[in-house]
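Q: Could you take a close look with me at one part of this model? I would like a connected account that goes from a few side chains out to their surroundings.

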Amino acid sequence: MAKTKIMLLATLLATTSVCFAAPAVMTPGAEKPSYEITEFTADFIHYTLGDTAPALYRSDKYQIKQWQVRNLPAPDAGSHWTYMGSNYVLISDSDGKMLKAYDGNIFYQR
């Protein structure tokens, strides 16, 4: 039993070390790194800007109301921020179209 637990732990550690977030990109001439992304994966599905967010992420449960605390820009009129697969995504209120996306590491921006 102990050997099985050790093997499971070793597998878990090896797997998690492969999964890491991409670092923020420094735009030439910019003082802060850009956290804006154009594509990402959430729930094993690849998304790009312009896609429609699933209904789950358009619900109030995932709506981010305190966007300032997370270092996100103010949402445009008729849109709101949501959280999808460790990324922040700006979606339209009417049809759920993805307008902008930011890497989740923007939360830790100083």
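Is Tyr62 buried, partly exposed or exposed, and what is its relative accessibility? Please go on from there to the aromatic pairs, the strand residue beside them and the core.

A: Happy to! Keep in mind that this is a predicted model. Tyr62 has a relative accessibility of 25%, so it counts as partly exposed, given that buried means under 20% and exposed over 50%. Its ring partner is Tyr57, which is buried, with a relative accessible area of 5%.

Let us look at how those two rings meet. A pair of aromatic rings is described by the distance of the centres and the angle of the planes. The model has 4 aromatic pairs. In the one formed by Tyr57 and Tyr62, the centres are 4.9 Å apart and the planes stand at 70 degrees; because an angle over 60 counts as edge-to-face, that is the label for this pair. Another pair joins Tyr83 and Tyr88, with 5.1 Å from centre to centre and 55 degrees between the planes, and it is tilted. Here, too, the partners are covered to different degrees: Tyr83 is partly exposed at 34% relative accessible area, whereas Tyr88 is buried at 4%.

Thr82 links these tyrosines. It sits in strand 4, which spans residues 79-84, and it is buried, with a relative accessible area of 0%. Its side chain reaches the backbone oxygen of Tyr57 at a distance of 2.8 Å. Setting aside neighbours within four places in sequence, Thr82 has contacts with Tyr57, Tyr62 and Tyr88, and also with Ile64, Asn87, Val89 and Ile91. One of these, Val89 in strand 5, is also the bridge partner of Thr82.

That bridge belongs to a longer pairing, since strand 4 and strand 5 are joined in the antiparallel sense over 6 bridges. Strands of a sheet pair through backbone hydrogen bonds, either parallel or antiparallel. In this model, 4 strands form an open sheet with antiparallel pairing, in the order 3-4-5-6. Strand 3 (63-64) and strand 6 are at the edges with a single partner strand each, so one side of each has no neighbour in the sheet.

Now for the core. In soluble globular proteins, nonpolar side chains tend to be buried together. The largest nonpolar core here has 11 residues, including Tyr57, Val89 and Ile91, along with Ile37, Phe40, Met84 and Met98. Strand 1 (39-42), strand 5 (87-92) and strand 6 (98-103) each contribute at least two residues to this core. Apart from it lies another core of 8 residues, among them Ile64, Leu90, Tyr102 and Ile106. Ile37, a member of the largest core, is in contact with Leu49, Asn87, Ala101, Tyr102 and Asp103 when neighbours within four places in sequence are left aside.

Finally, here is the wider setting. The protein chain has 2 helices and 6 strands, which run α-β-β-α-β-β-β-β from the N terminus on. Of its 110 residues, 25% are buried. Among contacts between residues at least 6 apart in sequence, 42% join residues at least 24 apart. The accessible surface comes to about 7,700 Å², with 60% of it belonging to carbon and sulfur atoms.

Definitions and conventions:
Residues numbered from 1 in each chain as written. Predicted model: local features only at pLDDT ≥ 70, side-chain atom pairs only at ≥ 80, totals over all residues. Heavy atoms only, no water. Phe/Tyr/Trp six-rings, centres within 6.5 Å; stacked < 30°, edge-to-face > 60°. Buried < 20%, exposed > 50% of the residue type's maximum accessible area, 1.4 Å probe, protein only. Polar contact = N/O pair within 3.5 Å; in protein donor to acceptor, adjacent residues only side chain to side chain. Contact = heavy atoms within 4.5 Å. Core = buried A, V, L, I, M, F, W, Y, C linked by side-chain atoms within 4.5 Å. Areas by Shrake-Rupley, 256 points an atom, 1.4 Å probe, with all protein chains shown as cover. Pairing = 2+ DSSP bridges.
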